[in-house]
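Q: I would like to learn how to read a protein model one feature at a time. Could we go through one together, with the general idea set out before each case?

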Amino acid sequence: MMFKSRLTMTLSSAAALVPIILYFYLYPRLPVFVPIHYDGATADRFVNKWSVDVALLCMLGWFGFGFMRLLQFLLRKIFLSSYIHNIAIIHQIWNAATLLVTAGFAAISVCALLAMV
């Protein structure tokens, strides 16, 4: 399965947008104070639903995407393409990993948002 950079960027952006859209959809139904941290099965920290903590939770997918892109840039600078013989396969694997990390972090955000309702 071949992943192109543009396709990966589009799919990763779409995956990272899902928690943000879900937050705006759920906002009217959320209580004023929402649980943001759990100690086992019980919530031990609550914040306002418009808090920066909730916004950061929604942005988890974007942070994962940015981290993977930054790591790719740094690794490309460290390991020059002349040292790697099959650079196309490396790019395909890296693009797939970027998509998986972004989608995984976005899924964590969605689960946390749904637990707030």
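Q: In which helix is Ala 97 found, and how is its exposure read?

A: Helices are DSSP runs of H or I with at least four residues, strands are runs of E with at least two, and both are numbered from the N terminus. Ala 97 belongs to helix α4. For exposure, a residue is called buried under 20% relative accessible area, exposed over 50%, and partly exposed in between, with a 1.4 Å probe and protein chains only. Ala 97 has a relative accessible area of 25%, so Ala 97 is partly exposed. Its C-alpha atom is 8.2 Å from that of Met 68, although the two are 29 residues apart along the chain.

Q: Before we go on, what kind of model is this, and which residues count in it?

A: This is a predicted model, in which local features need pLDDT of at least 70 and side-chain atom pairs count only at pLDDT 80 or more, while totals for chains, interfaces and linings use all residues. Residues are numbered from 1 along each chain as its sequence is written, and side-chain values use heavy atoms, with hydrogens and water left out.

Q: How many helices and strands are there in the chain, and what pattern do they follow?

A: The chain has four helices and two strands, and reading along the sequence gives the pattern α-β-β-α-α-α. Of the 117 residues in the chain, 31% are buried.

Q: Where is Ala 112 placed, and how far in space is Ala 112 from Leu 57?

A: Ala 112 sits in helix α4, which covers residues 87-116. Its C-alpha lies 8.0 Å from that of Leu 57, with their positions 55 residues apart in sequence. Ala 112 is partly exposed because its relative accessible area is 25%.

Q: Is Ser 109 buried or exposed, and what is Ser 109 in contact with?

A: Contact means heavy atoms within 4.5 Å. Ser 109, also in helix α4, has a relative accessible area of 0% and is therefore buried. Once its neighbours within four places in sequence are left aside, Ser 109 is in contact with Pro 19, Leu 57, Cys 58, Leu 60 and Gly 61.

Q: What can be said from the side of Leu 60?

A: Leu 60 is part of helix α3, and its relative accessibility of 25% is why Leu 60 counts as partly exposed. With neighbours within four places again left aside, its contacts are Phe 105, Ile 108 and Ser 109. The C-alpha atoms of Leu 60 and Thr 102 are 8.2 Å apart, while the two residues are 42 apart along the chain. For the chain, among contacts between residues at least 6 apart in sequence, 64% join residues at least 24 apart.

Q: How many aromatic pairs does a search of the whole structure find?

A: Rings of Phe, Tyr and Trp (its six-membered ring) pair if their centres lie within 6.5 Å, and planes under 30 degrees apart count as stacked, over 60 as edge-to-face and the rest as tilted. The search finds three aromatic pairs. In one of them, Tyr 23 and Phe 24 have ring centres 5.6 Å apart and planes at 55°, so this pair is tilted. Tyr 23 and Tyr 27 make an edge-to-face pair, with 5.7 Å from centre to centre and 75° between the planes. Ring pairs thus join Tyr 23, Phe 24 and Tyr 27 into a cluster.

Q: Which of these counts as buried, and which as exposed?

A: Tyr 23 counts as buried because its relative accessibility is 11%, whereas Phe 24, at 60%, counts as exposed. Tyr 27 counts as partly exposed at 30%.

Q: What lies over the face of Tyr 27?

A: A charge sits over a ring if NZ of Lys or CZ of Arg is within 6 Å of the ring centre and within 35 degrees of the ring normal. Here Lys 49 lies over the face of Tyr 27, at 4.3 Å from the ring centre.

Q: Which side chains meet in a salt bridge?

A: Side chains of opposite charge can pair when their charged atoms come close. A salt bridge is a side-chain nitrogen of Lys or Arg within 4 Å of a carboxyl oxygen of Asp or Glu. By this rule the count is one, and the side chains that meet are those of Asp 53 and Arg 45, at 2.7 Å from N to O. Asp 53 is partly exposed at 25% relative accessibility, and Arg 45 is partly exposed with a relative accessible area of 42%.
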